[in-house]
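This briefing gathers notes on selected helices, their packing and a few backbone features of the structure shown below. Please keep the sequence and the 3D view at hand while reading.

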Amino acid sequence: MKRVAWVYHPDYLLHTPPFEHPESPERLVAIADHLGRTGLIDRMVPVTPEYPEDADILSVHDREYLNKLENACRRGDLTLDAEDTYLNRHSFNVALLSAGGAVAGAKAVAEGTADRAFCAVRPPGHHAGRDVGMGFCLLNNVAVAARYLQARHGVEKVLIIDWDVHHGNGTQNIFLEDPTVFYFSIHEHPTFLYPGTGRRWEIGKGKGEGATLNVPMAPGAGDAEFRTAFEGTLEPAVERFRPEIILVSAGFDAHRDDPLADLQVTEEGFRFMTRHVLKLADRFCGGKVVSVLEGGYETSSLTSCIEIHVRELLGE
């Protein structure tokens, strides 16, 4: 059985919406309760995240944006930059701790205290840009983890696989001109779903041209289409890039029961994707995988998919 870090902090529950909202603490409560009842947490390596160093956050986000976010929380603003991205007085610190969770998972795998990691963090992060919060996201957790690995552990080439149903526009933009971070995203087609980016012709820019790979899916696509994309598009790209570690922006809202999208992926689809990522990791980067929670808004499918995801990470 593999050693899998379970990254979680109870303060993640302090970021609460001031109005009805699909991204709520109840998501994380349900995940922790479910993994606890199934005995999976007891088989994982507990990791309690800390607040990240300023340098790690500033490697991704502008100081002016951080000041704006902190001041908005102190003033009691209800939203930031976009009406769907809510705040309360705890949100700045919780967002820092969420990024710190991704860093903690990356650290555990990089230092060998765990083989793999599942970071149960919130708020999610992949829509957050260098100077903007949007799509429920305040800080880009997976981007901070990628930069941390490069700066603190000498990792030169990071692969980010984003299977959240929404395109991770923030992550793409942060690494748009960077050839050392390969960003692969599979998501519902931007014609039909927020945030309206992630078309096939978006391939990176400048030195980063070719290091972004988007695979938009038509509404109704499911397990078969995802399998074809992973085997026929992702795998050749990974062979060419040859990463030293894989980070997963693990959203589970492509599930057929999720209310925010129109795809038809099942639990078996997420099992296949997890296994395929692990196969690629074993082949190219010593099995190093850090999974960071993004979306997923229907409790039953969210918890069942994460149970499968964690069992695969454990190698059961």
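Which residue takes a positive phi just after H5? The residue is Gly154, with a phi of about 65°. This is a predicted model, and the points that follow begin with H5 before turning to H8, to its neighbours and to individual residues.

**Helix H5**

- Helix H5 runs over residues 141–153, which makes 13 residues, and its first and last C-alpha atoms lie 17 Å apart, close to the 18 Å expected at 1.5 Å a residue.
- Because 10 of its 13 residues are buried, H5 is largely enclosed by the rest of the structure.
- The buried residues of H5 are Asn141, Val142, Ala143, Val144, Ala145, Ala146, Arg147, Tyr148, Leu149 and Gln150.

**Helix H8 and its surroundings**

- Helix H8 comprises 18 residues, 267–284, and spans 26 Å from its first C-alpha to its last, close to the 26 Å expected at 1.5 Å a residue.
- At the start of H8, the backbone nitrogen of Glu268 has a side-chain oxygen of Thr266 within 3.2 Å, while just after the helix Gly286 adopts a positive phi of about 60°.
- Buried positions in H8 are Gly269, Phe270, Phe272, Met273, Thr274, His276, Val277, Leu278, Leu280, Ala281 and Phe284.
- These buried residues of H8 pack against two helices, H7 (223–241) and H9 (299–314), and also against the strands S5 (116–119), S6 (158–162), S9 (245–250) and S10 (289–293).

**Packing of H7 with H8**

- The axes of H7 and H8 are 10 Å apart and make an angle of about 15°, and the two helices are therefore roughly parallel to each other.
- The crossing in which H7 passes H8 is right-handed.
- On the H7 side, the contact is made by Asp223, Phe226, Arg227, Phe230, Glu231, Leu234, Glu235, Val238 and Glu239, and H8 contributes Glu268, Gly269, Phe272, Met273, His276, Val277, Lys279, Leu280, Arg283 and Phe284.
- Glu235, which belongs to helix H7, has 14% relative accessibility and so counts as buried.
- Leaving aside residues up to four places away in sequence, Glu235 touches Phe230, His276, Lys279, Leu280 and Arg283.

**Packing of H1 with H9**

- Helix H1 (residues 25–37) and H9 cross at roughly 50°, and their axes come within 9 Å; the two helices are therefore oblique to each other.
- The crossing of H1 and H9 is right-handed.
- H1 makes this contact through Arg27, Ala30, Ile31, His34 and Leu35, and H9 does so through Thr299, Leu302, Thr303, Ile306, Glu307 and Val310.

**Ser291 in strand S10**

- Ser291 lies in strand S10, and at 0% relative accessibility it counts as buried, the cut-off being under 20%.
- The side chains of Ser291 and His309 are joined by a polar contact of 2.8 Å.
- With residues up to four places away in sequence set aside, Ser291 touches Ala117, Phe118, Cys119, Val248, Ala250, His309 and Leu313.

**Cis peptide bonds**

- Arg122 and Pro123 are joined by a cis peptide bond with omega of about 0°, and Pro123 is placed in the loop between S5 and H5.
- Another cis peptide bond leads from Tyr194 to Pro195, with omega near 5°; Pro195 sits in the loop between strand S7 (181–188) and strand S8 (212–217).

**Positive phi at residues that are not glycine**

- Phe136, although not a glycine, has a positive phi of about 75°.
- Phe136 is located in the loop between S5 and H5, and its relative accessibility is 14%, so it counts as buried.
- Arg242 is likewise not a glycine and has a positive phi of about 55°.
- Arg242 is found in the loop between H7 and S9, and its relative accessibility of 51% means that it counts as exposed, for which the cut-off is over 50%.

Technical notes
Residues numbered from 1 in each chain as written. Predicted model: local features only at pLDDT ≥ 70, side-chain atom pairs only at ≥ 80, totals over all residues. Heavy atoms only, no water. Helix = DSSP H or I, 4+ residues; strand = E, 2+ residues; numbered from the N terminus. Expected span 1.5 Å × (residues − 1). Buried < 20%, exposed > 50% of the residue type's maximum accessible area, 1.4 Å probe, protein only. Contact = heavy atoms within 4.5 Å. Polar contact = N/O pair within 3.5 Å; in protein donor to acceptor, adjacent residues only side chain to side chain. Axes fitted to C-alpha atoms, helices over the stretch in contact; angles between N-to-C directions. Parallel < 35°, antiparallel > 145°, perpendicular 65-115°, else oblique. Left-handed = near helix turned anticlockwise from the far one by under 90°.
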